[in-house]
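User: Could you walk me through this model at a friendly pace? I would like to start with the ligands and then move on to the fold.

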Amino acid sequence: MKLLVTGGAGYIGSVVAALLAEAGHAVTVLDDLSTGHRDAVPEGASFTEASVFDAASVLDPSYDAVLHFAAKSLVGESVQDPAPYWRNNVAGTLALLEAMRGHGVRRLVFSSTAAVYGDPETVPISEDDPALPTSPYGASKLAVDHMLGGWARAYGLGAVSLRYFNVAGAHGRFGERHATETHLVPNLLRAAAGGGEPARLHGTDYPTRDGSAVRDYLHVLDLADAHLRALDAVRPGVHRVYNLGTGSGSTVREVLDAVRRVTGLPVPVEEGPRRAGDPAVLIASSDRARTELGWKPRRTLDETVSDAWAFTRRPGSPA
Ligand SMILES: NC(=O)c1ccc[n+]([C@@H]2O[C@H](COP(=O)([O-])OP(=O)(O)OC[C@H]3O[C@@H](n4cnc5c(N)ncnc54)[C@H](O)[C@@H]3O)[C@@H](O)[C@H]2O)c1
Ligand SMILES: O=c1ccn([C@@H]2O[C@H](COP(=O)(O)OP(=O)(O)O[C@H]3O[C@H](CO)[C@H](O)[C@H](O)[C@H]3O)[C@@H](O)[C@H]2O)c(=O)[nH]1
């Protein structure tokens, strides 16, 4: 297939673009490099440095599908400064959808998020549970999910929204390197590598088994596999939503233990208050993806941490 991958110079987009190129697809990456890196675009993919707002001039009717990763995605930042989230994630996606419609490109796989669910009443969370986001980031992604439903019904778009839970790990030279890093696993690994600040543990008084927050950590390669399956499953006129997680939760302290186990290093940690807006527990029910996409996550937390550690220690890594 001929595919446009927006955000393909970023963490998750670069891993999926690499796998798509390895599978023999013709991949064009569109990325404005706002948080991504030119050297993260995989060999074998062509690259256009542009914004999703310019998608109309990059797409043409020969494209079979778009995988849309480009977004702003920091929960806390979106609370402090929501305007860029609505502009980039909602208006940017609208521009992309109009470009797709204009060129007759009718298949889309979209990066949605567990943040659409806010603070859930029960876990594991299924796709039919209430979506009450607690941040502009989550609200912007939910708005797009709604937009895609309307586009499928009215214009015949085939779309899949993949609601990722916590993504971690790496695929060789493709991994997570953000100038502003808020995610737990890379922050713990940076502290393990030494030379910097201790890692911070945000919140020790959650109603969980050890007082720290619980998340569902999914290896980026398992996540990527779901994208390849979604691309095959997408059908004109239908919008489907799938949660993607392992179905089992780890506390922050358990992830810290995994990092100590995998690296064999003492990871300095400072305990602090809760981070504003963080829910206590987020765990996915991915039964729908298992049933309809035949998807099954395969990698353990230790494998996830181990692959992220190998990425952190690669030659030339700033960590
Ligand atoms: N990392 C996670 O745990 C997680 C969880 C849930 C959902 N997501 C979603 O997955 C997607 C990818 O996340 P990531 O962690 O790889 O983030 P990332 O910041 O590494 O990648 C995003 C990429 O999009 C590009 N980009 C941003 N705005 C753009 C625009 N207007 N035009 C063109 N390119 C633009 C950036 O330069 C970057 O390369 C995002 O949509 C995010 O919301 C991520
Ligand atoms: O240095 C850190 C970083 C994080 N945490 C804690 O570790 C857990 C995981 O935090 P992350 O920042 O790694 O991930 P989030 O759960 O906050 O966010 C992720 O999942 C969300 C869904 O809820 C969104 O999709 C978002 O894009 C994605 O990054 C949280 O309890 C957080 O407070 C720490 O203790 N120390």
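Analyst: Happy to! One term before we begin: a residue is near a molecule or strand if its C-beta atom, placed from the backbone, lies within 6 Å of it. This is a predicted model, in which local features need pLDDT of at least 70 and side-chain atom pairs count only at pLDDT 80 or more, while totals for chains, interfaces and linings use all residues. Residues are numbered from 1 along each chain as its sequence is written, and chains are lettered from A and ligands numbered from 1 in the order in which they are written.

User: Which residues come nearest to ligand 2?

Analyst: Ligand 2 has 22 residues around it. The ones that come nearest are T113, A114, L184, H202 and A213.

User: Which element gives the most to the shell around ligand 2?

Analyst: Helices (H or I, at least four residues) and strands (E, at least two) are DSSP runs, numbered from the N terminus. Both α6 and β8 (199–202) supply at least two residues of this shell. With four residues, the element that gives the most is β8.

User: How many charged residues are in the shell around ligand 2?

Analyst: Ala, Val, Leu, Ile, Met, Phe, Trp, Tyr, Cys and Pro count as nonpolar, Asp, Glu, Lys and Arg as charged, and the others, Gly among them, as polar. On that basis the shell around ligand 2 has ten nonpolar and eight polar residues. Its charged residues number four.

User: Which element provides the largest share of the shell around ligand 1?

Analyst: Ligand 1 is surrounded by 27 residues, and the closest are G7, G10, G36, A71 and S73. Two or more residues each come from α1 (11–22), β2 (26–31), α4, β5 and β7 (166–168). The largest share, three residues, comes from α1.

User: Which strands stand at the edges of the open sheet?

Analyst: Two strands pair if DSSP finds at least two bridges between them. Seven strands form the sheet in the order β3-β2-β1-β4-β5-β6-β11, with parallel pairing. One side of each edge strand is left without a neighbour because each has a single partner strand, and these strands are β3 (46–49) and β11 (239–244).

User: Which residue in β6 does S112 stand opposite?

Analyst: Strand β5 (residues 107–113) and strand β6 (residues 158–164) run parallel and are joined by seven bridges. In β6, the residue opposite S112 is R163.

User: What angle does the direction of helix α4 make with that of β4?

Analyst: Two residues are in contact if their C-beta atoms, placed from the backbone, lie within 7 Å. Helix α4 (residues 83–103) packs on the sheet and touches β1 (2–6), β4 (65–68) and β5. Axes are lines fitted to C-alpha atoms, for helices over the stretch in contact, and angles run from 0 to 180 degrees between N-to-C directions. The angle between α4 and β4 is about 175°.

User: How are α6 and α10 oriented to each other?

Analyst: The axes of helix α6 (residues 184–193) and helix α10 (residues 301–312) come within 10 Å and cross at roughly 55°. V185, P186, L189 and A193 in α6 meet V305, A308, W309 and T312 in α10. Angles under 35 degrees count as roughly parallel, over 145 as roughly antiparallel, 65 to 115 as roughly perpendicular and the rest as oblique. The two helices, α6 and α10, are therefore oblique.

User: How many polar residues are in the contact of α1 with α7?

Analyst: α1 and helix α7 (residues 220–233) pack at an angle of about 60°, with axes 9 Å apart. From α1 the contact uses I12, V15, V16 and L19, and from α7 it uses V220, L223, A224, H227 and L228. Eight of these residues are nonpolar and no residue is charged, while the polar count is one.
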